[in-house]
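Work through the exercises below with the sequence and the model side by side. Try each task before reading its solution.

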Amino acid sequence: MDRVGSTRRTFMAGAAAVGGATALTTAGMAATASAADGGAQGPQSVAVLGGGVAGLTAAHELAERGLKVTVYERRALGGKARSMDVPDSAKGGRRPLPAEHGFRFIPGIYHNLPDTMRRIPFPGNAGGVWDNLVAPPEMSFARTGREDLRIPLPWPGHKPAELTLDEIRRALTAALDTLKGIPAHEAAYFVNRGLVFLTSCDERRDGTWERTPWWEFIRAERMSYDYQRILAVGLTRNIVATKAEEASTRTVATLLEAFVFNALGRGADGPLDRILNAPTNEAWIDPWVEHLKKLGVEFRIGWTVREVKYGSGRVTAAVIEDPQGLRQSVTADHYVSAMPVEHARRTWGAELRAADPQLARCDKLETDWMTGIQFYLTERAPLLNGHLNCIDSPWSLTAIQQAGHWPSRDFPADYGDGTVVDCLSVDISEWDKPGVLYGKTAKQCTRTEVAREVWAQLKASLNDTGRTVLKDSALHSWFLDPGVDGIGTPNPTNEDQLLIHPVGTFHNRPRAATQIPNFFLAGDYVAVDIDLATMEGANASARAAVNALLDRTGSTAARCKVKPLFRAPEVELMKRHDRTRYRLGLRNAFDLG
């Protein structure tokens, strides 16, 4: 969702100037003063630890309310959401080829992130950065050895793609093949399971369905191969970015429910599928950083948080390693930890954890690998105009061809050496299953072997029904996320992992407000309404953290709006009825078992 070269260290030198002077923030502000008004001693100071979507959102909301904000980021602003340059790829005055941790996916179920985007100015856009969102008109389930299932995504103003007779024939063949592959009784059962969840009360969702894997909830083990690959694996990988066999039903079904309402035009900010109309930094992150600077936010790039110090009932300092490798104690009135959970929890010592047990529970949160690779093409491939899901691929590949969605960019004129006309951006979701080319898992492959294996799996999905979609001769180069290191050795590592949601995860997610009066949490692992690792979750949690800070200080500033997922009023009566059944120990009225 959220949907992820040079080494990470190369960003530090060039980005150091963004932070300006390296003077440390100092404490001394009265903790009881109004956060917005500051009191007699001036505005309250906040150290935001992490510069991804959560950290930038927190900085944005705090700065708008008059607080003094400094963001400390170890690598590059934007975190996993940023785009990056392919090193040594620019020639003739062009920009470097654009790369990324994984392609962007900003669906209409998001509300908090789009609100922030509307408040980021962008030249020529009345709606700010939000106006840089575009809606792909279609998506596809790409089958191996069978015609691909092409699915239109209608929305107001939607212009259907022009189809040739051959494309129409292929679309009808794929639809009939899919209907034949999923028996009618299996499709009916899946619909029934959807009704069960739709009418389940919150207590049943948080209890029974949080303990039940999605794979078990929809009885995938008993069903046909197509049922498993499309309705179990395909939906969770493409839409929810998690594993059907492990993920809690509460997590998967909540998001699928929201997407169904989105498709029906209910409770949506916009079309079901939206992406940016240019590389992420150009369309969003860079304008955001410039806006925050104008609001007075200071940035320290290349500063790595090592420890959050605790004493006398408060956080007293953050121990941060500067770009020269020297450790310094940074002090502020308040601290917002906005790092990914796998990094944040390393900075929490025993005393801090003892002060709030929910911090220790974060050790139970699990992460996995979901990482991007880009293929640069000298010929545009005849793919659909939107996301594709290679649901039969061993490594669960999803992809999108990007240049066609960037109307203001002339790819060969703007990027690279002038011969590259497009970028096929691919997410690798499964790193622990053998591939088709080498018979090894992605973690066991070298970087070059990963690229060759992914390319082979893409061709197996796309070049399998009588036409050549991907040509070896059109492959110019590739770029694998530099956060992946040591693959092909016994100790592979990945700096940017994805929070996953096996059963029980919901009960281990912490609140934004901790029991430590000047310490707050922001990130996609924090408990908010959208129970998934998403940019929307990161944004909503940062808003919750800012609200908690304002409450703690008695600020008179307006609170951040945090909009929950849409709840259809038509089913609330059935949910109340189910609450009675749940308390009596009875199944949901629609539950056939």
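Buried means under 20% relative accessible area, exposed means over 50%, and partly exposed lies in between (1.4 Å probe, protein chains only). This is a predicted model: local features need pLDDT of at least 70, side-chain atom pairs count only at pLDDT 80 or more, and totals for chains, interfaces and linings use all residues. Residues are numbered from 1 along each chain as its sequence is written, and side-chain values use heavy atoms, with hydrogens and water left out.

**Exercise 1. Salt bridges**

Task: Examine the salt bridge between arginine 65 and glutamate 61, and state whether each partner is buried or exposed.

Solution:
- Start with the criterion. A salt bridge is a side-chain nitrogen of Lys or Arg within 4 Å of a carboxyl oxygen of Asp or Glu. Side chains of opposite charge can pair when their charged atoms come close.
- Apply it. The N to O distance between arginine 65 and glutamate 61 is 2.9 Å.
- Check the accessibility. Arginine 65 has a relative accessible area of 13%, so this residue is buried. Glutamate 61 is buried too, at 2%.
- Set the pair in context. The search of the whole structure finds 41 salt bridges.

Task: Which residue forms a salt bridge with glutamate 203, and where do the two partners lie?

Solution:
- The partner is arginine 579, with the closest N and O atoms 3.1 Å apart.
- Locate both ends. Glutamate 203 sits in helix α6 (residues 202-206) and arginine 579 in helix α17 (residues 572-583), so named because helices (H or I, at least four residues) and strands (E, at least two) are DSSP runs numbered from the N terminus. The pair links distant parts of the chain, 376 residues apart.
- Glutamate 203 is partly exposed at 27%. Arginine 579 is partly exposed at 22%.

Task: Compare this with the salt bridge of lysine 575 and glutamate 572.

Solution:
- The N to O distance here is 3.6 Å.
- Both residues lie in helix α17, three residues apart, about one turn of the helix.
- Lysine 575 is buried, with a relative accessible area of 4%.
- Now look for shared partners. Salt bridges join Glu61, Glu64, Arg65, Asp115, Arg119 and Arg543 into one network.

**Exercise 2. A helix pair**

Task: Describe how helix α2 (residues 53-64) packs against helix α10 (residues 280-294).

Solution:
- Take the geometry. The angle is about 30 degrees and the axes are 10 Å apart. Axes are lines fitted to C-alpha atoms, for helices over the stretch in contact, and angles run from 0 to 180 degrees between N-to-C directions.
- List the residues. Val53, Leu56, Thr57, Ala59 and His60 of α2 meet Trp284, Trp288, His291 and Leu292 of α10, where contact means heavy atoms within 4.5 Å.
- Sort them. Six are nonpolar, three polar and none charged. Here Ala, Val, Leu, Ile, Met, Phe, Trp, Tyr, Cys and Pro count as nonpolar, Asp, Glu, Lys and Arg as charged, and the others, Gly among them, as polar.

**Exercise 3. An enclosed strand**

Task: How many residues of strand β17 (residues 397-401) are buried, and which strands pair with β17?

Solution:
- Five of the five are buried, so β17 is largely enclosed by the rest of the structure.
- Split the faces. In a regular strand the side chains alternate between the two faces of the sheet. Leu397, Ala399 and Gln401 are buried on one side of β17, Thr398 and Ile400 on the other.
- Find the partners. Two strands pair if DSSP finds at least two bridges between them. Strand β16 (residues 388-390) pairs with β17 in the antiparallel sense over three bridges. Strand β18 (residues 422-428) pairs with β17 in the antiparallel sense over five.
- Check the register. Alanine 399 stands opposite leucine 388 and opposite valine 426 in β18.
- Inspect the turn. The hairpin of β16 and β17 has six residues between the strands, and serine 396 takes a positive phi near 50 degrees.

**Exercise 4. Two open sheets**

Task: Give the strand order and the edges of the three-stranded and the five-stranded open sheets.

Solution:
- The order of the three strands is β10-β11-β12, with antiparallel pairing. β10 (304-311) and β12 (327-330) each have a single partner strand, so one side of each lacks a neighbour in the sheet. The twist averages 25 degrees from one strand to the next.
- The order of the five strands is β9-β2-β1-β13-β23, with parallel pairing. Its edge strands are β9 (298-301) and β23 (519-521).
- Finish at the loop between β10 and β11, which holds serine 312. Serine 312 is exposed at 80%.
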